[in-house]
Amino acid sequence: MADKFSVLEEELSCPVCTEIFTDPVVLTCSHSFCKACLQKCWEEKGSRECPNCRRKSSIEIYRPNLSLRNACEAFLKERSFSTAGSEELCSLHNKELKLFCLEDQTLVCVTCHTSEKHENHKVRPLQEAAEEYKHKLRTALAPLQKKLKAFNEMKLICDQTAEHIKSQAQHTERQIRMEFEKLHQFLKDEEAARIDALREEEEQKSQMMKNKMKKMTEAISSLSEQIRAIEQELGAEDVSFLQVPEKVSGPLVDVAKHLGNLKYRVREKMGTVQYSEYWGQGVPHSHCTERIFSILSTS
């Protein structure tokens, strides 16, 4: 069977790529090639000639080889089916490997099982051993698949959490910037207000000091004048110095001015004064005058 496939495979192989024909085409010289292989050869050599017999063609002449393509497809299907259904042969006895040695963990044929090498070894039919190992693999695969599912779910949660963290961080960063902008503005406003208050207080205090300086200047000037006047008086002669108190009448009360001829002047003005208190009691005007005058006389 193997020899049969080998001969047929050689007949159905492309001379260029040595693989089973793919989309075969035939030239006028009856030689067939894969279409892609033929075009590649022509491009590399720069001339249109048969890669097998070197026969040249003035124009690009080839046609699909449908029968060869069908034969290649049938061969590939048959070989695939035969390979899948065939059993490997024992290299020692050229028999099918239908048993599996549990102790040596290897495939054996019936003859190997009865040989001295595998004597008293436990064996299982190939299909049973394969199914047993598949069961073990499925058993081992189940928790791995479960763990993989958990990891995928966790990864999804992590991705979502990472996205949420990123969004949350961006939002928080915007809030921080806004808050610090408010703080900066508040500090600027507070700074301006403090400076304005300082300027106002500076102006007030400066004006206050100017007023005090003005008053001090006036006081100094007044004291200086008084000192000069006293010094002048101290430097005058004794007679002039003793006469000074008689001349200084301005600051004192002029008693004579207020008390001299008081009775006469009061009497002169009495004619124009009205006293409702005495008139209301029916007292004559002359009596009122005399009463007031008597009071002034006794004072």
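**View 1. The largest nonpolar core of this predicted model holds 16 residues.** Start with Leu-12, Cys-14, Phe-21, Leu-27, Phe-33, Leu-38 and Cys-72, which touch the most other members of this core. Three elements each give two or more residues to the core: the strand β2 (32-34) and the helices α2 (35-45) and α3 (66-85). As general background, nonpolar side chains in soluble globular proteins tend to be buried together.

**View 2. Here we zoom in on Cys-14 and the residues it touches.** Leaving aside residues up to four places away in sequence, Cys-14 touches Glu-19, Phe-21, Phe-33, Cys-34 and Cys-37. Phe-21 and Phe-33 should look familiar, since both are listed with Cys-14 among the core members that touch the most others.

**View 3. Another core lies apart from the one in View 1.** This second core has eight residues, including Leu-97, Leu-99, Val-108 and Cys-109.

**View 4. Cys-17 and Cys-37 are shown with their sulfur atoms.** For Cys-17, the closest cysteine sulfur belongs to Cys-37, at 3.7 Å. A disulfide here requires sulfur atoms within 2.5 Å, so this pair is too far for a bond. Cys-17 itself is partly exposed, with a relative accessible area of 28%.

**View 5. Cys-112 and Cys-109 make up a second cysteine pair to look at.** The sulfur of Cys-109 is the closest cysteine sulfur to that of Cys-112, and because the distance is 3.4 Å, it is too far for a bond. Cys-112 counts as buried, at 7% relative accessibility, while Cys-109 is one of the residues of the core in View 3. With the 2.5 Å cut-off, the count of disulfides comes to zero.

**View 6. Two stretches of the chain have pLDDT below 50: residues 244-255 and residues 270-286.** Beyond near neighbours in sequence, residues 244-255 have three contacts in the model. For residues 270-286, the model has 15 such contacts. Across the protein chain, the mean pLDDT is 76, and 72% of the residues reach 70 or more.

**View 7. Stepping back, the protein chain has 11 helices and six strands.** Of its 299 residues, 14% count as buried. The chain exposes about 24,700 Å², and carbon and sulfur atoms supply 56% of that area. Among contacts with a separation of 6 or more, 30% come from residues 24 or more positions apart.

How values were computed
Residues are numbered from 1 along each chain as its sequence is written. This is a predicted model: local features need pLDDT of at least 70, side-chain atom pairs count only at pLDDT 80 or more; totals for chains, interfaces and linings use all residues. Side-chain values use heavy atoms; hydrogens and water are left out. A nonpolar core is a set of buried Ala, Val, Leu, Ile, Met, Phe, Trp, Tyr and Cys residues joined through side-chain atoms within 4.5 Å. Buried means under 20% relative accessible area, exposed over 50%, partly exposed in between (1.4 Å probe, protein chains only). Helices (H or I, at least four residues) and strands (E, at least two) are DSSP runs, numbered from the N terminus. Contact means heavy atoms within 4.5 Å. Accessible areas come from the Shrake-Rupley method with a 1.4 Å probe; for residues, only the protein chains shown count as cover. pLDDT is the predictor's confidence in each residue, from 0 to 100.
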